[in-house]
Amino acid sequence: MLSVPKSRFVAIGILEALGVATGMAAAAMLPGPIIPILTQTFLVWQLAFSALLLRRRYSFNQISGCLLVAVGIMVAVGSGSNADRTLSRVEFIWPAVMIISCAFQAGASIIKEYIFVDAAKRLKGKSLDIFVVNSFGSGFQVLFVLLLLPLLSNLKGIPFAQLPSYLKSGAGCLVNIGRNTPGCDGAPLLPLLYITVNMAFNISYLNLVKISSAVVSSLAVTLSVPLSIYVLSLPLPYIPEAAGLSPFFLLGSLILVSGLVLYNVSRPAKPVSN
């Protein structure tokens with residue numbers, strides 16, 4: 001299993017690092033409820049990459065469901081055109097950056113699916129362990145995130161010379177125990193909770209990719225969309241303020257979920273051999 005070509009994991013690391021960097025930069029500028037909506041472009045990108053790279057064919061219902069997801073996103077995002085709507089005070093570039101980050105993540109997931117398919121041939125029918133994929137992919141992701149730190153710091157207005165002291169301050173905030181440091185509320189419990197949930201999510205997601213496909217896995221993840229939209233609109237601890245949901249935003253969410261349901265009730269597409 002360890003002899004699987006590492007160039008694919010390098011590609012996964014680059015794409016996921018770019019996805020994390022762009023996604024976090026955009027999420028910091030967007031209201032909470034709009035984030036689960038924009039991340040559903042992940043499914044649209046996956047369908048496109050799956051058809052292009054894995055040569056899969058999709059039924060009319062699956063394509064229609066994907067288009068409904070896209071329409072729902074546009075309706076929800078378009079709700080910010082007036083002053084009283086969800087994205088009224090957000091520059092257009094940040095939703096666009098979030099959508100681009102989903103493209104990077106979708107590309108990485110398609111490569112993971114290809115690795116599992118190709119490994120079945122290389123290992124003579126044996127199954128590739130998900131921890132091999134997760135470890136190599138995450139390792140290269142960490143490497144490229146570190147390499148992207150100078151770029152990210154410049155985007156946030158932090159000179160490269162000040163980056164070491166900035167990282168030191170961040171580490172101090174992470175282990176903030178009984179200090180009440182401003183901006184570090186909830187540490188270290190919240191960061192540790194995030195890491196735990198993130199690891200559990202990655203393992204579960206990869207296992208589903210292994211036994212089904214990347215597109216089916218993303219559909220399972222999207223079941224959390226309605227709940228996320230509602231929860232992120234509430235005045236929760238550590239979230240600065242609750243966000244109001246406009247009628248257009250709710251309509252876009254309903255269209256999006258309808259698209260997911262339509263796609264989900266369709267038969268999974270079968271791969272077409274070359």
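# Exercises on a predicted all-helix model

Met24 lies in helix 1. The model is predicted. Work through the exercises in order.

## Exercise 1: The overall build

Task: State how many helices and strands the protein has, and in what order its elements run.

Solution.
- Step 1. Count the elements. The protein has 11 helices and zero strands.
- Step 2. Read from the N terminus. The elements run α-α-α-α-α-α-α-α-α-α-α.
- Step 3. Look at burial. The protein has 274 residues, and 37% of them count as buried.
- Step 4. Look at the surface. The accessible surface of the protein comes to about 15600 Å². Carbon and sulfur atoms own 69% of that surface.
- Step 5. Look at contacts. Take those with a separation of 6 or more: residues 24 or more positions apart account for 79% of them.

## Exercise 2: Met24 and the surface patch

Task: Decide whether Met24 is buried or exposed, and name the nonpolar patch that holds Met24.

Solution.
- Step 1. Take the value for Met24. The relative accessible area is 53%.
- Step 2. Apply the cut-off. Exposed means over 50%, so Met24 is exposed.
- Step 3. Find the patch members. Met24, Leu192, Tyr194, Ile195 and Met199 form a nonpolar patch on the surface. Together they have about 550 Å² of accessible area.
- Step 4. Ask which helix gives the largest share of the patch. Helix 8 (residues 189–211) does, with four residues.

## Exercise 3: Salt bridges

Task: Find how many salt bridges the structure holds, and work through the pairs Arg8 with Asp118, Glu16 with Lys112, and Arg56 with Glu113.

Solution.
- Step 1. Start with the principle. Side chains of opposite charge can pair when their charged atoms come close.
- Step 2. Count. The structure holds four salt bridges.
- Step 3. Take Arg8 and Asp118. Their closest N and O atoms are 2.7 Å apart in a salt bridge. This pair links distant parts of the chain: Arg8 sits in helix 1 (residues 7–27) and Asp118 in helix 5 (residues 93–122), 110 residues apart.
- Step 4. Check burial for this pair. The cut-off for buried is under 20%. Arg8 has 16%, so Arg8 is buried. Asp118 has 13%, so Asp118 counts as buried too.
- Step 5. Extend the pair. Arg8, Asp118 and Arg122 are linked in a network of salt bridges.
- Step 6. Take Glu16 and Lys112. Their side chains meet in a salt bridge at 2.6 Å, N to O. Here Glu16 belongs to helix 1 and Lys112 to helix 5, and 96 residues separate them. Glu16 is buried at 10% relative accessible area. Lys112 is buried at 11%.
- Step 7. Take Arg56 and Glu113. Their salt bridge spans 2.5 Å, N to O. Arg56 is in the loop between helix 3 (41–53) and helix 4, while Glu113 is in helix 5, 57 residues apart. Arg56 and Glu113 are both buried.

## Exercise 4: A buried glutamine

Task: Place Gln62, classify its burial, and say what its side chain reaches.

Solution.
- Step 1. Place the residue. Gln62 is found in helix 4 (residues 60–78).
- Step 2. Classify. Gln62 has 2% relative accessibility, and buried means under 20%, so Gln62 counts as buried.
- Step 3. Follow the side chain. The side chain of Gln62 reaches the backbone nitrogen of Ser59 at 2.8 Å.

## Exercise 5: The nonpolar cores

Task: Give the number of residues in the largest nonpolar core, and say which elements give two or more residues to this core.

Solution.
- Step 1. Count. The largest nonpolar core has 21 residues.
- Step 2. Find its best-connected members. Leu30, Ile37 and Leu47 have the most contacts inside this core.
- Step 3. List the elements that give two or more residues: helix 2 (34–38), helix 3, helix 4, helix 5 and helix 11 (247–265).
- Step 4. Look for another core. A second, separate core has 19 residues, including Phe116, Leu128, Val132 and Val209.

## Exercise 6: Leu174

Task: Locate Leu174, classify its exposure, and list the residues it touches beyond four places away in sequence.

Solution.
- Step 1. Locate. Leu174 is found in helix 7 (residues 163–174).
- Step 2. Classify. Leu174 has a relative accessible area of 42%. Buried is under 20% and exposed is over 50%, so Leu174 is partly exposed.
- Step 3. List the contacts. Leaving out residues up to four places away in sequence, Leu174 touches Ala187, Pro188 and Pro191.
- Step 4. Compare sequence with space. Leu174 and Asp185 are 11 residues apart in sequence. Their C-alpha atoms are 9.7 Å apart.

Technical notes:
Residues are numbered from 1 along each chain as its sequence is written. This is a predicted model: local features need pLDDT of at least 70, side-chain atom pairs count only at pLDDT 80 or more; totals for chains, interfaces and linings use all residues. Side-chain values use heavy atoms; hydrogens and water are left out. Buried means under 20% relative accessible area, exposed over 50%, partly exposed in between (1.4 Å probe, protein chains only). A polar contact is a pair of N or O atoms within 3.5 Å; within protein, one must be able to donate a hydrogen and the other to accept it, and residues adjacent in sequence count only if both atoms are side-chain atoms. Patches are made of residues with over 30% relative accessible area and no salt bridge: like charges are joined within 9 Å, nonpolar side chains (Val, Leu, Ile, Met, Phe, Trp, Tyr) within 5 Å. Accessible areas come from the Shrake-Rupley method with a 1.4 Å probe; for residues, only the protein chains shown count as cover. Contact means heavy atoms within 4.5 Å. A nonpolar core is a set of buried Ala, Val, Leu, Ile, Met, Phe, Trp, Tyr and Cys residues joined through side-chain atoms within 4.5 Å.
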